[in-house]
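Let's take a walk through the open and enclosed spaces of this protein and see what surrounds its ligand. Have the viewer ready and follow along.

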Amino acid sequence: MSDSFRIELLAGQDRAGFTSGVEPLDRYLKAQAGQDMRRRVSNCFVAVPDGAATVAGFYTLAAASIPVHDLPDDQTRRLPRYPVLPAALIGRLAVDQGFSGKQLGATLLFDAMLRALRAEPAVLTVIVDAKDDTTLAFYRHHGFQPFTARPSSLYLPVDTAAKLLR
Ligand SMILES: CC(C)(COP(=O)(O)OP(=O)(O)OC[C@H]1O[C@@H](n2cnc3c(N)ncnc32)[C@H](O)[C@@H]1OP(=O)(O)O)[C@@H](O)C(=O)NCCC(=O)NCCS
């Protein structure tokens with residue numbers, strides 16, 4: 001099985017057999033992701049093994065904003081006093097069980113950070129909502145910090161990610 005992937009927008013790739021172990025995520029990819037893209041509420045990027053057309057993993061990315069007071073002072077000290085700051089939201093991220101443990105989840109996360117970094121509208125930070133402890137642990141493992149006011153939401157400033165990506 002190939003361990004090399006291309007990551008591209010969801011289009012006609014085969015997602016019928018996608019199984020991450022989290023049924024709502026699988027159902028979202030199969031039934032909802034395309035519609036969300038057409039309605040411009042969220043983009044879905046899929047990882048496809050080289051030489052294949054089957055989705056091995058995916059994530060969604062959408063523009064978002066966060067109240068300035070949600071970030072700790074050390075993150076905002078040098079920023080203008082705008083009430084809200086620009087963010088990018090990773091709404092969902094999942095890897096097919098046949099590809100787990102091959103760094104594909106991490107690769108998808110880095111791809112999302114890169115797209116946020118390169119986006120033409122400015123993005124200060126990437127945010128995620130952790131639906132359970134497993135998700136929380138995955139994002140903490142990759143340097144995301146919980147918001148003090150709502151610890152199931154986490155953030156990673158794109159500047160910090162850029163240093164990690166170098
Ligand atoms: C969580 C998930 C995306 C991980 O994908 P994966 O491709 O198996 O993980 P990777 O191989 O990329 O792991 C990368 C690193 O993250 C770590 N990691 C993976 N899952 C982790 C978890 N739940 N908690 C903490 N660390 C985790 C790995 O140990 C690895 O660490 P290393 O680089 O230091 O060796 C995948 O298991 C999945 O899709 N789960 C079901 C859906 C889900 O829970 N999504 C969460 C986000 S919505």
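The report below starts with the ligand, then turns to the pockets, the cavity and the ends of one helix.

**The ligand and its shell**

Please keep in mind that this is a predicted model. A good place to begin is the ligand, which sits in the largest pocket. Its shell holds 20 residues, and the ones that come nearest are Leu93, Val95, Gln103, Gly105 and Ala106. Sorted by class, the shell around the ligand has 10 nonpolar, nine polar and one charged residue.

Which elements each supply at least two residues of this shell? They are β4 (84-95), α3 (104-118) and α4 (133-141). The largest share belongs to α4, with six residues.

Three polar contacts are worth a look in the viewer, and the table sets them side by side.

| Residue | Protein atom | Ligand atom | Distance |
|---|---|---|---|
| Leu93 | backbone N or O | nitrogen | 2.9 Å |
| Val95 | polar backbone atom | oxygen | 2.7 Å |
| His141 | polar side-chain atom | oxygen | 2.9 Å |

Leu93 thus reaches a nitrogen atom of the ligand through its backbone, and Val95 also uses a backbone atom, here facing a ligand oxygen. His141, by contrast, makes its contact through the side chain. On its own the ligand has 910 Å² of accessible area, and the protein covers 72% of it.

**The largest pocket**

Now set the ligand aside and look at the space around it. The largest pocket holds about 610 Å³ of space. Its lining counts 23 residues, and those nearest the centre are Val22, Leu25, Leu93, Ala94 and Thr135. Leu93 therefore appears here again, having been named among the residues that come nearest to the ligand.

Four elements, α1 (23-38), β4, α3 and α4, each give at least two residues to this lining. Which element gives the largest share of the lining? That is β4, with six residues, whereas α4 gives the largest share of the shell around the ligand. By class, the pocket lining divides into 10 nonpolar, nine polar and four charged residues.

**The second largest pocket**

The second largest pocket has a volume of about 460 Å³. It is lined by 19 residues, with Asn43, Leu61, Ala62, Ala63 and Ala119 closest to its centre. Two or more lining residues come from each of β2 (43-49), β3 (57-67), β4 and α3. Here β3 makes the largest contribution, four residues. The lining of this pocket has 15 nonpolar, two polar and two charged residues.

Both β4 and α3 are worth tracing in the viewer: they each supply at least two residues to the lining of the largest pocket, and they are also among the elements that give two or more to the second largest one.

**A cavity beside α3 and α5**

How many cavities of 30 Å³ or more are there? The count comes to one, and about 50 Å³ of space lies in it. Its lining is made of Leu109, Phe110, Met113, His142, Leu156, Ala161, Leu164 and Leu165. The elements that give two or more of these residues are α3 and α5 (158-165). Seven of the lining residues are nonpolar, one is polar and none is charged.

**The two ends of α4**

Finally, return to α4, the helix with the largest share of the ligand's shell. At its start, a side-chain oxygen of Asp132 comes within 3.2 Å of the backbone nitrogen of Thr134. Just after the helix, Gly143 takes a positive phi of about 95°.

Conventions:
Residues are numbered from 1 along each chain as its sequence is written. This is a predicted model: local features need pLDDT of at least 70, side-chain atom pairs count only at pLDDT 80 or more; totals for chains, interfaces and linings use all residues. Side-chain values use heavy atoms; hydrogens and water are left out. A residue is near a molecule or strand if one of its heavy atoms lies within 4 Å of it. A polar contact is a pair of N or O atoms within 3.5 Å; within protein, one must be able to donate a hydrogen and the other to accept it, and residues adjacent in sequence count only if both atoms are side-chain atoms. Accessible areas come from the Shrake-Rupley method with a 1.4 Å probe; for residues, only the protein chains shown count as cover. On a 1 Å grid over the protein atoms alone, a cavity is a set of points where a 1.4 Å probe fits but cannot get out, and a pocket is an open set with protein on both sides within 12 Å along at least five of seven lines; lining residues have an atom within 4 Å of a point. A molecule sits in a cavity or pocket if more than half of its atoms lie within 2 Å of its grid points. Ala, Val, Leu, Ile, Met, Phe, Trp, Tyr, Cys and Pro count as nonpolar, Asp, Glu, Lys and Arg as charged, and the others, Gly among them, as polar. Grid points are joined across faces, edges and corners, and a volume is the space filled by probe spheres set on the points.
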